[in-house]
Amino acid sequence: ELKDVLKEEHHPWLANYLVQKRISSHANLQGMYMSFIDKLAAPSLTKSILLHVLQYVSKLLRSHKIISNTGDRSVLKNLGSFLGQMTVARNKPLLQRHLDLKELLYHGYETGRLFALTPFVSKIMECAEKSKVFRPPNPWVMGLMGVLAELYQVDDLKINIKFEIDLLCKRLDLKISDVASSNTLRRRLQPKKEKNPDFNVKIG
């Protein structure tokens, strides 16, 4: 019924509504939203939804609240899951100019945001499980896994961050010990571990 009345001029409004009010907060219904979008079969709507997801993600990543606000981190994680379903799971690349996941992880390491960014990146990468193109040993996936493998080995990294990486490895049928670690962190700004939400540091 909606397909009969929906015009292209309405696509930006519908895309914004779906992303802001539905996709970002109802992770358990994302499969239904994907089916709804597919049934409408409107390329410009799909493109607009992807754009709105990327814009919302960018807004959250720029916000300092991502460190203190659990709700914002949950929204970011939900958007990561949907973004992965729209791209990786459908054999479509997530272009670096839109979102550079490697740089995002490195920046998170430098700034104490890994606890927020690792679940987001993992949710995107989980969707490689459903892909014919992006499942291991795809170079893009293994390059990102190499970054996560190197982070996994960092001393004092909090267990919940490692847990996210372990979950991702399980979904992709990988062992973290078998992933070739990148060798980049030594060239990045080294974070102070004291009072850093990414690390458990023993005092004394």
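User: Which side chain does Glu110 meet in a salt bridge?

Analyst: Happy to walk you through that one. Keep in mind that this is a predicted model. Side chains of opposite charge can pair when their charged atoms come close. Here, Glu110 pairs with Arg188, with 3.0 Å from N to O.

User: Where do Glu110 and Arg188 lie?

Analyst: Glu110 belongs to helix H7, residues 101-111, while Arg188 sits in the segment after helix H10 (159-171). The two are 78 residues apart in sequence, so their pairing ties together separate parts of the chain.

User: How many salt bridges does the structure hold?

Analyst: There are 8 salt bridges in the structure. Some of the residues involved form a network: Lys123, Glu126, Glu129 and Arg171 are linked through salt bridges.

User: Let's take that network piece by piece. How far apart are the closest N and O atoms of Lys123 and Glu126?

Analyst: For Lys123 and Glu126, that distance is 3.6 Å. Both residues are in helix H8 (residues 114-126), and their spacing of 3 residues is about one turn of the helix.

User: Are Lys123 and Glu126 buried or exposed?

Analyst: Lys123 is partly exposed, at 23% relative accessibility. Glu126 has 10% relative accessibility, which means that Glu126 counts as buried, the cut-off being under 20%.

User: And which residue forms a salt bridge with Arg171?

Analyst: That partner is Glu129, and the closest N and O atoms are 2.9 Å apart. This pair links distant parts of the chain, 42 residues apart: Arg171 is in helix H10, and Glu129 is in the loop between H8 and helix H9 (139-152). Both ends are partly exposed, Arg171 with a relative accessible area of 35% and Glu129 at 31%.

User: Let's move on to cysteines. How many disulfides does a search of the whole structure find?

Analyst: A disulfide is a covalent bond between the sulfur atoms of two cysteines. In this structure, the search finds 0 disulfides.

User: Why is there no bond between Cys127 and Cys169?

Analyst: The closest cysteine sulfur to that of Cys127 is in Cys169, 16 Å away, and this is too far for a bond. The cut-off is within 2.5 Å. Seen from the other side, Cys169 is in no disulfide either, and its nearest cysteine sulfur is that of Cys127.

User: Do these cysteines count as buried or exposed?

Analyst: Cys127 is buried at 6% relative accessibility. Cys169 is buried too, with a relative accessible area of 3%.

Methods. Residues are numbered from 1 along each chain as its sequence is written. This is a predicted model: local features need pLDDT of at least 70, side-chain atom pairs count only at pLDDT 80 or more; totals for chains, interfaces and linings use all residues. Side-chain values use heavy atoms; hydrogens and water are left out. Buried means under 20% relative accessible area, exposed over 50%, partly exposed in between (1.4 Å probe, protein chains only). A salt bridge is a side-chain nitrogen of Lys or Arg within 4 Å of a carboxyl oxygen of Asp or Glu. Helices (H or I, at least four residues) and strands (E, at least two) are DSSP runs, numbered from the N terminus.
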